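Good morning, and thank you for coming. Please look at the sequence and the model as they appear, and then we shall go through them together.

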There are 2 protein chains.
Amino acid sequence: MQIYKGHILFTKTPDKFDIIERGYIVVENGKIREVCATLPEALRTAEVVDFGDKLIIPAMNDLHVHAPQYRNMGMAMDMELLPWLDNYTFPEEAKYADVDYADKMYRRFVKHLWKVGTMRTVAFGTVHKTSTIRLMELFEQAGMGAMVGKVNMNRNCPDALCETVPDAVAADEELINTWNDPEGLVHTILTPRFVPSCTPEMLTEIGRLAHKYNMPVQSHLSENKGEIAWVKELEPASTCYGDAYRRYGLFGQTPTLMAHCCYTAGEELELMKKNRVFVVHCPLSNCDLGSGMAPIRTFLQNDIPVALGSDISGGHHLSMFQVMVYAVEISKLHYAQSDKQMAFLTLPEVFYLATKSGGSFFGKVGSFEPGYDFDALVIDDAELNHDDYTLAQRLERFIYIGDDRQIAHRYVRGNEVLEPTW
Amino acid sequence: MQIYKGHILFTKTPDKFDIIERGYIVVENGKIREVCATLPEALRTAEVVDFGDKLIIPAMNDLHVHAPQYRNMGMAMDMELLPWLDNYTFPEEAKYADVDYADKMYRRFVKHLWKVGTMRTVAFGTVHKTSTIRLMELFEQAGMGAMVGKVNMNRNCPDALCETVPDAVAADEELINTWNDPEGLVHTILTPRFVPSCTPEMLTEIGRLAHKYNMPVQSHLSENKGEIAWVKELEPASTCYGDAYRRYGLFGQTPTLMAHCCYTAGEELELMKKNRVFVVHCPLSNCDLGSGMAPIRTFLQNDIPVALGSDISGGHHLSMFQVMVYAVEISKLHYAQSDKQMAFLTLPEVFYLATKSGGSFFGKVGSFEPGYDFDALVIDDAELNHDDYTLAQRLERFIYIGDDRQIAHRYVRGNEVLEPTW
């Protein structure tokens, strides 16, 4: 058992921060036993790790990120989605056929996630099985949680990234059968890149695997107007982009993440609601690639689950704190453009999306409630604190103007995660 | 004479970066004599400061920032303009009646500008003369360039921030007459807060001072729909918000900065064009306060001068590199919403706005051309450079994903500016 003391802030619900000044978190076997303002009698003599004036918050969960695009982060921001894929993304991903290159770059990627406090990640790898396994091994070595997908793609992509359907199925089944420890922190996730990259045969087979193994699925949806028009051409029998995934069993039949959803409305929205498909909102990417502004308030009003993603290198920052800020800001532009009809997202709301809502995809992750994994960050914001601020203001200031320099400790399932030594 | 060697990047024009790999900048009396790929024969034996593989770029110019809102930076981001002024901004500004408080906070503010590489600033102070002078003295001590305005306001504000017109005129004249060294780095600028804060009598008198002393002017324009409606009520004789300033001689009759201009169009736009009024684009603030998206491409197409501003604490970041990124991003949302009719801003364009365009308000500042002040930053981006990148890509990556940790040296008029020792 460990007991941690500090200023505790988390979001049990999206409407407000739960705040305990100088409170205690009691952790047993990696899980939270209780969170309290005063220790119960029986624990009064137990050893306490006292973080003093520091903040203790849930660790960050990034539900959409392209690990092999790490080299391109903060670059090529003068394009939009489809030419950006052809000119920057696909050539870089092709390099991951070389597992040594993958190893070198993935080490940097995982270390950078560590640095910014993201302790659970749902990542796209590349089409290459061996490199994708390398990424999973690195997450495991680092002690960080992840779901990693070997990307499936077999059309509209360079030869170097094209696979056959039988190869795809064999590779995915191998990953499913080897990364299946229910107690493990790292698992695989089925990852058809997006409809334009996968033939109907490919989508059919991936859907079959999802059903057979009850495997989660991630992909992209309605990011960009050009992409949507293209899907309409490619899948004329589908009533909307989301319906194309549904027809293949890839739209909520098993737990499903769909990144972006900038233009999701009408039938697609109803389908997401009915099937409990997660929207992964990636506001930096949506700005950086000129995709558009996703109607997150509408999704929340419809009780559609929403998480946040950095989506590098479509987005330019790995920090989920930056992603939260952009999520609020984009919602404020919606607010202005709707003549205040569409309420903007509040800070507790976006914090909830990056912690408890995103974390729910991993199990009981992202909150400080009994039974939850103790995934936490300890924030030393002393240098940002030159005056009297409330605890909520201190957290807001850290999110808006802080960076990795203020993250003092990181925990996953009760274990402190130190900087990877590679 | 000093000679600096390194990778030189700047924007003579907004359409592209001028790049000299391992080039030289020859500086004489604080001004650039020449920039060259090879030193001329006569200088071959001169001493050279060699920055090796580092980048040398023009220093940043922030054309709109509220110094006394420093405490609130990254806070209170759950409001829009008018309630935010009443609940957070005015109470904080009232504290600056106490010059000791002002001194304490302004030291932090100036040091933070130094940290993020902003070497020339146009700042709002408060209504208080003595505190405003303190800010000017601190800029001067730091060796950084600034135009600082004592704010004028006499209506629709708390009593503590309300002044009489004669007091305002006397204070402004004192500042004009004491901070008038043409060789100095710090000057004053007339600063009527905005139309709602100034009676017609106040605006008349400030306009008179502008004319009498040929003084520059800064204020706010068309930031928010509620504000615009309010100005219409307050100034029924004006044909638009900008016309209200024009009628009092405060709209380009002398050099004029107008922050925001989110909703400027039609007659107001024509007036800005005719009178060469600067738009100061503050994209972070426009997002953070839910104001809207300023049509910067339209201003540029109309040959209206544009600069960039951080506008803390409406905006949450002092770094002009962050402001550049947001300027590109907001323009990309415009691009998406206009169905690609409105071309987005490129990185060289926003770099030009933050350097040569904004710098032009101070004289020959913001470019590496002969006769320009040598205002520069030396960027050590080694830790961001884990692979082969071009110089343009290195600069883009520093702007997007770097921070103050990569700024190795700062220069103003040829002098290295060290961290303020306070």
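In which order do the strands of the open sheet in chain B lie? The order is E11-E12-E13-E14, four strands with parallel pairing. Strands, and helices too, are DSSP runs numbered from the N terminus: H or I over at least four residues for a helix, E over at least two for a strand. Two strands count as paired if DSSP finds at least two bridges between them. As general background, strands of a sheet pair through backbone hydrogen bonds, either parallel or antiparallel.

Before going further, I should say that this is a predicted model, in which local features need pLDDT of at least 70, side-chain atom pairs count only at pLDDT 80 or more, and totals for chains, interfaces and linings use all residues. Residues are numbered from 1 along each chain as its sequence is written, chains are lettered from A and ligands numbered from 1 in the order in which they are written, and side-chain values use heavy atoms, leaving out hydrogens and water.

Let us return to the sheet. Its edge strands are E11 (217-221) and E14 (306-308) of chain B, each of which pairs on one side only. From one strand to the next, the twist averages 30°, with axes being lines fitted to C-alpha atoms and angles running from 0 to 180 degrees between N-to-C directions. Strand E13 (residues 278-281) of chain B is joined to E14(B) by 3 bridges, and the two run parallel. His281(B) stands opposite Leu308(B) in E14(B).

I turn now to chain A. It has 13 helices and 17 strands. Of its 422 residues, 66% are buried, where buried means under 20% relative accessible area, exposed over 50%, and partly exposed in between, with a 1.4 Å probe and protein chains only.

One helix deserves a look: H12 (residues 347-359) of chain A. Its 13 residues reach 17 Å from first C-alpha to last, close to the 18 Å expected at 1.5 Å a residue; the expected span is 1.5 Å times one less than the number of residues. Because 13 of the 13 residues of H12(A) are buried, this helix is largely enclosed by the rest of the structure.

Finally, is Arg394(A) buried or exposed? Arg394(A) lies in helix H13 (residues 391-401) of chain A, and it counts as buried because its relative accessibility is 7%.
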